[in-house]
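Hello,

Here is the structure I promised to hand over. My notes follow below it.

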Amino acid sequence: MADRVQEPDREANKSSLRRLGIVGAGTMGRGIAWTAARAGFTVIAVDVDEKARQALLDHARARAERAVGRGELSLEAAEAALRRLSAHEAPEALAGSEAVIEAVYEAPDVKRSVFAAVEAAVDPATLLLTNTSSLSVTEIAAGLRRPERLVGMHFFNPADVMPLVEIVRAAQSDPAAVAAAVSLAESLGKTPIVVRDTPGFVVNRVARAYYNESLRLIEWGQGKPEAIDALFEARGFKMGPFALQDLIGLDVNFATTSTVFAQTFYEPRFRPSLLQKAYVFAGRLGRKRGRGFYRYDDR
Ligand code: NAD
């Protein structure tokens with residue numbers, strides 16, 4: 001069996017970067033952190049929330065055990081990957097990172113204050129990346145001391161599984177920073193596609209129609225989420241639109257639609273759903289809260 005086990009410490013050979021910072025240890029930060037540690041990077045994760053930091057380490061351990069169980073990683077490689085990963089509260093821990101990926105809440109003021117702290121902690125040459133789903137990377141960059149080093153790096157959920165990464169070129173992005181982001185994504189084993197900084201970029205822009213129309217269907221009494229999801233799944237989709245919203249997080253999805261709507265100067269076809277807004281304010285955020293369109297019983 002040993003010959004089927006991958007080489008220990010898959011080398012991050014496409015990019016010269018070795019030390020990666022990640023700010024935000026939520027749904028996305030966790031997946032990115034494990035992907036990077038497994039690919040050979042030393043990963044410094046930062047989050048203000050102690051539970052999120054612990055969840056990131058637990059997630060990595062669970063993923064490592066699963067990979068060993070499936071014969072994808074040797075035990076030694078898995079243990080080495082886990083040792084490369086650490087979680088911290090203060091952004092000062094990012095010092096020495098060659099690149100930092102921001103994955104905090106989808107709120108411009110939060111991202112702005114995080115980047116101010118990141119810029120204070122890292123070297124002027126450090127590549128800065130934002131995992132924003134829909135905020136303007138150009139606007140985020142405008143708040144930086146060195147806007148030319150910020151590039152969008154938009155992973156898809158679950159980040160340790162989905163291969164696509166949109167590399168978002170902001171108006172100020174230095175072409176060398178864009179090229180570095182592409183090679184970093186390749187070193188993480190991802191498929192990077194360079195896109196322009198337009199509202200929702202490409203995938204989320206097109207996906208708005210998928211979510212909005214499915215929400216309108218239930219608002220108009222066409223059926224329940226289960227029935228609509230079953231139709232899509234019978235058609236060959238891995239998940240219907242409601243199961244997928246529960247996975248992504250209804251708050252994240254609502255924020256994305258609201259941002260795309262605002263950024264297109266209120267183009268009516270992107271208008272968010274009132275039903276989705278009600279779910280968000282009722283705390284039914286999806287899997288992460290145990291309830292969204294479906295109930296998730298941790299027993
Ligand atoms: P999340 O709510 O699961 O996690 C966000 C984390 O950021 C939390 O753990 C929170 O404690 C932390 N945080 C908040 N303020 C902080 C600060 N000042 N310093 C350090 N940590 C801080 O969110 P998520 O779903 O992981 O989304 C993160 C980003 O990725 C957002 O910009 C989102 O739009 C984007 N994104 C999300 C998805 C998705 O499907 N969930 C997909 C692609 C991109």
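The centres of domain 1 and domain 2 are 26 Å apart, taken over C-alpha atoms. Eight residues from domain 1 and nine residues from domain 2 make up the contact. This is a predicted model, so please read everything below in that light. The domain assignment puts domain 1 at 19-196 and domain 2 at 205-289. Between them the two domains bury about 580 Å², with 53% of that on carbon and sulfur atoms.

UniProt has an annotation for the C-terminal part. Its unreviewed entry lists residues 200-296 as "domain: 3-hydroxyacyl-CoA dehydrogenase C-terminal". That span is 59% helix and 0% strand. Its end C-alpha atoms lie 29 Å apart.

**Annotated binding site**

The unreviewed UniProt entry also lists residues under "binding site", among them Gly24, Ala25, Gly26, Asp47, Glu106, Lys111, Ser133 and Asn157. I looked at two of these, Asp47 and Glu106.

Asp47 sits in the loop between strand E2 (42-46) and helix H2 (50-69). Its relative accessible area is 12%, so Asp47 is buried. The side chain of Asp47 reaches the backbone nitrogen of Ala25 at 2.5 Å. Beyond its neighbours within four places in sequence, Asp47 is in contact with Gly24, Ala25, Gly26, Ala52, Arg53, His88 and Glu89. Gly24, Ala25 and Gly26 are also in the UniProt list.

Glu106 is in the loop between strand E4 (99-102) and helix H4 (108-121). A polar contact of 2.9 Å links its side chain to the side chain of Thr132. Leaving aside neighbours within four places in sequence, Glu106 is in contact with Lys111, Thr132, Ser133, Ser134, Leu135 and Ala255. Lys111 and Ser133 are in the UniProt list too. Ala255 belongs to helix H10, where it is buried.

**Helix H10**

What span should the 14 residues of helix H10 have? At 1.5 Å a residue, residues 250-263 should span 20 Å. The end C-alpha atoms of H10 are 20 Å apart, so the two values agree. Buried residues of H10 include Leu250, Asn253, Phe254, Val260 and Phe261. The buried residues of this helix pack against helix H7 (203-219), helix H9 (241-248) and helix H11 (274-281).

**Two buried helix residues**

Phe242 lies in helix H9. Its relative accessibility is 0%, so Phe242 counts as buried. Outside its neighbours within four places in sequence, Phe242 is in contact with Ser214, Leu215, Ile218, Pro225, Ile228, Asp229, Phe293 and Tyr294. Phe242 and Tyr211 are 31 residues apart in sequence, with 7.9 Å from C-alpha to C-alpha.

Glu119 is in helix H4. Is it buried or exposed? Glu119 counts as buried, because its relative accessibility is 7%. Not counting residues up to four places away in sequence, Glu119 touches Leu128, Leu144, Arg145, Arg146 and Arg149.

**The loop between E6 and E7**

Asp160 falls in the loop between strand E6 (150-155) and strand E7 (164-169). At a relative accessible area of 19%, Asp160 is buried, because the cut-off is under 20%. Its side chain makes a polar contact of 3.5 Å with the side chain of His59. Residues touched by Asp160, apart from those up to four places away in sequence, are Gly31, Trp34, Thr35, His59, Arg63 and Lys190.

Pro158 is found in this loop as well. A cis peptide bond joins Asn157 and Pro158, with omega about -5 degrees. Asn157 is one of the "binding site" residues in the UniProt entry.

**Backbone angles to check by eye**

Most residues other than glycine have a negative phi, and most peptide bonds are trans. Two phenylalanines have a positive phi here. Phe201 has a phi near 50 degrees. It is located in the loop between strand E8 (191-196) and H7. Phe201 counts as buried, because its relative accessibility is 3%.

Phe265 has a positive phi of about 55 degrees. This residue follows H10, in the loop between H10 and H11. Is Phe265 buried or exposed? Phe265 is exposed, because its relative accessible area is 73%.

Best wishes

How values were computed: Residues numbered from 1 in each chain as written. Predicted model: local features only at pLDDT ≥ 70, side-chain atom pairs only at ≥ 80, totals over all residues. Heavy atoms only, no water. UniProt positions renumbered as here; feature names shortened; annotations may be inferred. Helix = DSSP H or I, 4+ residues; strand = E, 2+ residues; numbered from the N terminus. Buried < 20%, exposed > 50% of the residue type's maximum accessible area, 1.4 Å probe, protein only. Contact = heavy atoms within 4.5 Å. Polar contact = N/O pair within 3.5 Å; in protein donor to acceptor, adjacent residues only side chain to side chain. Expected span 1.5 Å × (residues − 1). Domains from an automatic or database assignment. Buried area = accessible area lost by both parts, 1.4 Å probe.
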